Every structure is written in C-alpha cells, then in structure tokens.
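Q: I'm new to this structure and would like a close look at one part of it. Could you walk me through the open and enclosed spaces inside, and the pieces of the fold around them?

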Amino acid sequence: MRIRQLQCFVVLAEEANFTRAARRLHMSQPPLSTLIQSLEREVDAALINRTSRRMTLTPAGEAFLQRARNILAQHERSLLEIREINAGQDGLIEIGTTGSILRGGLADLLASFCRDHPRITVRIHEQSPAIQISEVISRRADVSFNRSIPSDDELTYEFAWREELVALLPENHPAASQASVSLWDLRHDPHVILRPDSSDFAAYVMSHISSSGYRARISQQVMDAQSIPSLIVAGFGVSVVPAAIARLTSGPLVFRPIHPDPPVSDVFAVYRQHDRTPALNSFLTAMREMLAAD
C-alpha cells in the first residue's frame with residue numbers, strides 16, 4: 001500500500017466523483033480508477049459503490065477512510081519532524097560539563113537556547129574533564145564544555161567564553177575588606193585546590209600561584225571546584241576559583257578580584273570533527289552569537 005493510493009482514495013471520498021477527484025489530483029480519470037482498484041485488491045474489500053448516478057463509500061470504505069486520513073496525517077508529521085531535525089529545530093543534545101562551568105556562561109547559554117528551541121531536548125551530564133572527552137569520542141555525548149584543549153585527532157574545539165578567576169576567602173580574612181587582593185596577600189594561608197593531576201586547568205591554577213612568588217601550603221585537594229566553598233567555610237583556608245563559583249554560593253564567604261595580573265580561564269566547546277548533528281550545529285550557532293554579543 002502506497003501513500004499515493006491513500007491520498008487518491010481520500011480525495012475521491014471527499015469529492016464523491018471520479019472526474020472532480022482526478023482534476024484535483026492533477027491526473028486523468030483512468031489512472032485514478034486503476035489506483036483505487038489496486039487499493040481494493042490490497043485490502044481485499046470493495047471500498048466504493050460504483051453506480052451511474054453517484055459514487056458512495058461502502059461500509060468498509062467508510063471505516064477505511066478514517067484510517068487512511070490517520071495514516072496520511074502521521075506521514076505528514078513524520079516528514080515535518082525529519083525536516084525540523086535536519087534544520088536543527090528538533091532533536092537531542094547530550095552535553096558534558098563540570099559544575100563550575102554550568103554555573104557560569106553555560107547556564108546563560110542553556111537558558112537562551114532552550115527558550116528559542118523548545119523542541120530540542122538538552123541533557124546535561126556533570127563529569128570530570130577526562131570522562132567528558134571520552135564520552136564525546138565514544139559518541140555518548142555530543143559536546144563537552146571544558147577548560148582544556150583536547151589532543152585527540154577525532155575532536156575539534158572552539159573558544160566559548162572567558163572567565164576570570166577570583167580569590168575565595170572567609171569573610172573574616174584580613175584581605176576580605178579590600179576591593180581586590182594579590183596572590184601574594186594569600187601566601188601565609190592554607191589553600192584548598194583542585195587536584196593538579198585532575199585537569200590542565202587545575203595545573204594552570206597551581207602554576208599561577210607558584211609564579212606569584214610563594215609555594216602554596218595545601219590543606220585540601222578536591223576533584224570539583226563546587227566542593228571548595230564548603231571547605232573554605234569549614235576553615236580550611238582560601239582558594240582561587242572561577243568567578244562562576246560565586247553564583248548560588250552562600251555562607252560567610254567573600255570573592256575578591258585578583259590584581260595585578262588576574263588569572264583567567266578559557267572555556268572551550270569540544271566536539272567530534274565530522275559527525276555533528278543539526279541540533280548541535282544550532283546549539284553552536286547560538287553559542288557563537290552569544291559570544292559575539294558580549
């Protein structure tokens with residue numbers, strides 16, 4: 001059974017006349033009759049009553065008409081869905097990221113994108129940077145938002161946004177009353193840090209501290225920057241964190257800009273080079289537009 005047969009049957013049922021139906025279908029009457037006869041053979045039932053005066057549907061034809069309309073409607077919806085997926089208006093995006101990146105520019109990007117593309121489903125996975133890259137390579141994720149540049153030949157990346165790093169201090173810290181602090185001001189404090197072996201970003205933060213002229217005394221090492229505020233509140237010292245950590249962070253803490261030479265963190269969108277989905281292309285376009293507007 002072909003879609004064209006169903007379309008012809010529905011038009012014939014609506015017109016109740018072979019001549020008018022053929023005209024509406026932009027075809028001659030004999031091919032239309034042949035199509036209807038072929039359809040009747042396939043369903044093994046007479047669908048129309050053929051008389052010299054008027055054409056009517058048989059009881060089987062009446063029942064089949066509703067089914068045919070449903071099938072044609074589903075067919076149209078399927079075609080529309082495929083077109084929307086191909087145009088990046090529908091689909092699914094799997095995104096890997098860390099909590100600190102999600103609190104920053106990614107949260108704003110997601111809010112804007114989901115508002116403008118309500119039919120694209122976005123799923124967020126909080127993962128370590130290494131796992132994110134592995135998931136993208138294995139095609140379990142479409143894109144990773146990462147503070148490190150990948151080295152795998154299957155992947156490519158582009159700059160997403162830049163975020164300044166700030167000093168995170170207890171509110172009773174001597175430098176808390178200052179408008180900004182230098183890393184040298186923190187030389188006597190114990191530091192809560194990201195494990196240097198957890199990512200290139202963690203190693204970068206430690207190298208920036210070291211270049212300020214002192215060797216940090218480490219009190220705690222963590223895998224996720226989101227854990228740092230709780231440890232600072234608990235009295236484990238100070239830290240240098242992405243400014244986005246300040247979002248949604250409460251408690252007796254202060255965040256202060258670092259001057260001079262404030263460290264920065266670049267965030268990159270990492271994805272496979274050769275098999276981006278239309279939905280991901282739409283997402284990357286939205287990211288570029290947001291970056292251009294800033």
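A: Here is a tour of the pocket, the cavity and the strands and loops connected with them.

Please keep in mind that this is a predicted model.

Let's start with the largest pocket, which holds about 220 Å³ of space. Its lining is made up of 18 residues, and Thr98, Pro129, Met223, Asp224 and Ala225 are the closest to its centre. Several elements contribute to this lining: helix 5 (99-116), helix 6 (129-137) and strand 5 (143-146) each supply at least two residues. Sorted by class, the lining of the largest pocket has eight polar, seven nonpolar and three charged residues.

Asp224 is a good residue to pause on. You will find Asp224 in the loop between strand 8 and helix 8 (228-233). Is Asp224 buried, exposed or partly exposed? Its relative accessible area is 25%, and buried would mean under 20% while exposed would mean over 50%, so Asp224 counts as partly exposed. For a sense of distance, Leu253 is 29 residues away from Asp224 in sequence, and their C-alpha atoms are 18 Å apart in space.

Now for the enclosed space. The structure holds one cavity of 30 Å³ or more, and the largest cavity contains about 90 Å³ of space. Its lining counts 14 residues, with Ile193, Leu194, Val205, Ser239 and Val240 nearest its centre. Strand 7 (190-194), helix 7 (200-211) and strand 9 (239-242) each give at least two residues to that lining. By class, 12 residues lining the largest cavity are nonpolar and two are polar, with no charged residues.

Two of those elements also belong to a recognisable arrangement: strand 7, helix 7 and strand 8 form a right-handed β-α-β unit. Within this unit, strand 7 runs parallel to strand 8 (residues 217-222), and the two pair over five bridges. If you want a spot to look at, Val192 stands opposite Gln220 in strand 8. Strand 8 is also one of the two elements on either side of the loop that holds Asp224, which brings us back to the pocket.

From the pocket, you can also follow strand 5 outwards. Strand 5 pairs with strand 11 in the antiparallel sense over four bridges, and Val143 has Tyr271 as its bridge partner in strand 11. Strand 11 (residues 264-272) pairs with strand 6 (residues 155-170) as well, again antiparallel, this time over nine bridges. There, Glu164 has Val264 as its bridge partner. Strand 11 is mostly covered, with seven of its nine residues buried.

Two loops beside these elements deserve a glance. Between strand 10 (253-257) and strand 11 lies the loop that contains Pro260, and the peptide bond from His259 to Pro260 is cis, with omega near -5 degrees. Between helix 6 and strand 5, which both help line the largest pocket, is the loop that contains Arg139. Arg139 has a positive phi near 70 degrees, in a residue other than glycine. Arg139 is exposed because its relative accessibility is 51%, and the cut-off for exposed is over 50%.

Notes
Residues numbered from 1 in each chain as written. Predicted model: local features only at pLDDT ≥ 70, side-chain atom pairs only at ≥ 80, totals over all residues. Heavy atoms only, no water. 1 Å grid on protein atoms, 1.4 Å probe; cavity = no way out; pocket = protein on both sides within 12 Å on 5 of 7 lines; lining within 4 Å. Points joined across faces, edges and corners; volume = space filled by probe spheres on them. Nonpolar A, V, L, I, M, F, W, Y, C, P; charged D, E, K, R; others polar. Pairing = 2+ DSSP bridges. Right-handed = clockwise from strand over helix to strand, strands pointing away. Buried < 20%, exposed > 50% of the residue type's maximum accessible area, 1.4 Å probe, protein only.
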